[in-house]
Amino acid sequence: MFLADKMGFADQVKKFGPLFVKDGNGFQIDLIYERFDNTITVCEMKYYNDEVKMKVSSEVERKLKLLKVKKGITVEKALISQYGGDSTLKASNYFHHDITVADLLT
């Protein structure tokens, strides 16, 4: 729940964990939170020795298209990485949450 607390919704978490889909278009979501406020937060975790580039958004979009989300559910996206997104990714506001290792240590 530590990450949910850092993102400001720990009190809303219904369940959480990784998601593995092994059908023909298999994919993995590193961490997904299902919340009582009819929101899911999809977390993409990257371990790079540099800031994460904009191309990560196409990876996440592919996964979101394959994820079956019920009507009336809001989807939030979170990036969790060592250094966060680069300036282009940040300026795009693609991710609702951009959590870095430094954020986790404060």
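**Overall architecture and packing of helix α2**

Read along the sequence, the predicted model follows the pattern α-β-β-β-α-β-α-β-α. Its secondary structure thus comprises four helices and five strands. The radius of gyration is 14 Å, close to the 13 Å that the globule rule gives for 106 residues, so the protein is as compact as a globular protein of that length. The C-alpha trace spans about 35 × 35 × 20 Å along its principal axes.

Burial and contacts were then examined for the chain as a whole. Of the 106 residues, 39% count as buried. Among contacts with a separation of 6 or more, 52% are accounted for by residues 24 or more positions apart. The protein exposes about 6,500 Å², and 53% of this area is supplied by carbon and sulfur atoms. With regard to charge, the protein carries 16 positive and 15 negative charges, and the mean positions of the two sets are 7 Å apart.

Helix α2 comprises residues 56-66, and its buried residues are Val56, Ser57, Val60, Lys63 and Leu64. Viewed down the axis of α2, these buried residues fall within an arc of 125°, so they line one face of the helix. An α-helix has 3.6 residues a turn, so residues three or four places apart point the same way. The packing partners of the buried residues of α2 include three strands, namely β2 (27-35), β3 (39-46) and β4 (74-81). The buried residues of α2 also pack against a helix, α3 (87-92).

Strand β4, one of the elements against which the buried residues of α2 pack, contains Ser81. Ser81 has a relative accessible area of 6%; because this value lies under the 20% cut-off, Ser81 counts as buried. When residues up to four places away in sequence are set aside, Ser81 touches Lys46, Val52, Ile99, Thr100 and Val101.

Gly24 provides a contrasting case of accessibility. Gly24 is located in the loop between β1 (13-21) and β2. The relative accessibility of Gly24 is 80%, and this residue counts as exposed, whereas Ser81 is buried. Between Gly24 and Met54, the C-alpha to C-alpha distance is 27 Å, with a sequence separation of 30 residues.

Conventions
Residues numbered from 1 in each chain as written. Predicted model: local features only at pLDDT ≥ 70, side-chain atom pairs only at ≥ 80, totals over all residues. Heavy atoms only, no water. Buried < 20%, exposed > 50% of the residue type's maximum accessible area, 1.4 Å probe, protein only. Helix = DSSP H or I, 4+ residues; strand = E, 2+ residues; numbered from the N terminus. Arc of directions from axis to C-beta. Contact = heavy atoms within 4.5 Å. Rg over C-alpha atoms; globule rule 2.2 N^0.38 Å. Areas by Shrake-Rupley, 256 points an atom, 1.4 Å probe, with all protein chains shown as cover. Lys, Arg positive; Asp, Glu negative; His and termini not counted. Charge placed at Lys NZ, Arg CZ, Asp CG, Glu CD.
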